Structure formats: C-alpha cells, structure tokens
Amino acid sequence: MPPIDENGRQVGIRINPSILAADFVNMQTELARIATADFVHVDVMDNHFVPNLTFGPQMVERIQATSPVPLDVHLMMTNPDRWAPGYAELGAASVTFHLEAAKEPVALARRLREIGARAGVAVKPATPVDGLFDLLDDFDQILVMTVEPGFGGQSFMPETMPKLRRLADEARRRGSSVWLQVDGGIGESTIAQAAEAGADTFVAGSAVFGASDPANAITGLRASARSHAH
C-alpha cells in the first residue's frame, strides 16, 4: 500500500475533483464537500481556445480564498504566456497550460515555478507527447487529456492510453518525478485504465460532485487507482 501523508491521503495517488461538475451558485458549500481530495481542479476556458467560457481571475481568487484544498488550475486559453503567471500569483498550487497554445512553453514553466506554483503542460487527445520527452525536467505535471477539452461530462477516450503509457515509460526510464495527470470521463472503471497506463493524478467531475457522498466517491476512486497503479 502506498504511504500515507499527515492528512491521511495516499502519497503518489492524487484525486482532483473538477468544479466544472459543481454547483457554481453554491461554490463554497461544494468545495467543503471535497475536503478529502488532494486538489480542486479549476478549468479556466476562454471561449477561444475551446468553445466554452467559464470564469477568470476574480472567480479563481475567490475559490483560492475558500477552498479547503490547494488549487490545480487548468488554463484552456490562447496566449497562456501572457495570462498564466497571473494565476500563479493568485496563489494556485499548480498551473497547467496547453502545449498547443504556448509560444514558449519551457520559459513559461520556468516563470510559473519562479512565482511558486507547480508548472504543468497539457496535451489534447491528438497531440503527440514525444516532443515532451526531453523536457520532462521542465515540468512538474503533464496532463494527457482523455476527452477533447472544452466541456465536462464527456466519455473517456481509451485511444489516449498508449500515449500515456509511452510517457510513463519514458518518465520512469529517465528517473523523472513528473506527475502524470488525466482529465475527462474519469470514474471508477476508467480510472483503472488510466492508472494501469501510468497516471498518478486524476481529475474527476461528475463521479465526485454527482455522488451523494463525495468523500466516499473520492475514497473509492483512490482505491481503484491504487489497485491498478502502474
């Protein structure tokens, strides 16, 4: 069994509920329901990089002020080189931008780390990961999207698993400590597939917020991930 940290959470397995599946009108109450999670996943969409609009810095700042767990911000926006540092400056523990949108991804990751956030890079389902192999040390987290970004509630795309597995194998070969995250359609059955392919950080939306007992759902997801860990 993986070691347990001082908060009773398993080291090496992270469950990050996505507030896309939360009740936006009652955000503080919703955040309190996931106090046993590792992070809260905050999707910032600009209606340009993806065909949806969520919220910006003001909302993220309020979530940061009220969340019982650290923020894992996922920026689905154009020009993250310009905008991503501002989210790190709000105090987000982790800021992930899209490889497809960044002009200077390594320089941006370095800037995020300088501010004090973990630096993450995300790739869409069709984006190859091979170009990231030599950059593993430049990032703290790589997010392999398991749906097309832009909307919650989509079905998991198993065809993304070979890419995740290659990334995990390469990270292990190089002795990298980078976190490998998956986002999209994650529930108790699909989390097993992702864990087997090498993911250790899991974004789940309706599987947590749609449950009558989110804490129990988080425990179940952790158990499934642990039993299928790469």
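1. Three aromatic pairs are present in this structure, which is a predicted model. In one of these pairs, Phe39 and Trp179, the ring centres are 5.9 Å apart and the planes meet at 70 degrees, so the arrangement is edge-to-face; the angle required for that class is over 60 degrees.

2. Where in the chain do Phe39 and Trp179 lie? Phe39 belongs to the loop between α1 (27–32) and β2 (40–45), whereas Trp179 belongs to strand β7 (residues 179–183). The pair thus joins distant parts of the chain, 140 residues apart. Both Phe39 and Trp179 are buried.

3. Two rings also have a charged residue over the face. Arg118 is placed over Trp179, 3.6 Å from the ring centre. Lys124 is placed over Phe49, with 4.5 Å to the ring centre.

4. The nonpolar interior should be considered next. In soluble globular proteins, nonpolar side chains tend to be buried together. Here the largest nonpolar core has 62 residues, and the members that touch the most others are Ile19, Val42, Val44, Val73, Val95 and Phe202. Helix α5 (residues 161–173) makes the greatest contribution to this core, with five residues.

5. A second core, separate from the largest, consists of five residues. Among them are Met45, Phe49, Val50 and Met76. Phe49 is also the residue whose ring lies beneath Lys124.

6. Which residues does Ile19 touch, leaving aside those up to four places away in sequence? Its contacts are Phe24, Met27, Leu31, Val40, His41, Val42, Phe55, Ile63 and Phe209. One of these, Val42, is itself listed with Ile19 among the core members that touch the most others.

Terms used. Residues numbered from 1 in each chain as written. Predicted model: local features only at pLDDT ≥ 70, side-chain atom pairs only at ≥ 80, totals over all residues. Heavy atoms only, no water. Core = buried A, V, L, I, M, F, W, Y, C linked by side-chain atoms within 4.5 Å. Buried < 20%, exposed > 50% of the residue type's maximum accessible area, 1.4 Å probe, protein only. Helix = DSSP H or I, 4+ residues; strand = E, 2+ residues; numbered from the N terminus. Contact = heavy atoms within 4.5 Å. Phe/Tyr/Trp six-rings, centres within 6.5 Å; stacked < 30°, edge-to-face > 60°. Lys NZ or Arg CZ within 6 Å of the ring centre and 35° of its normal.
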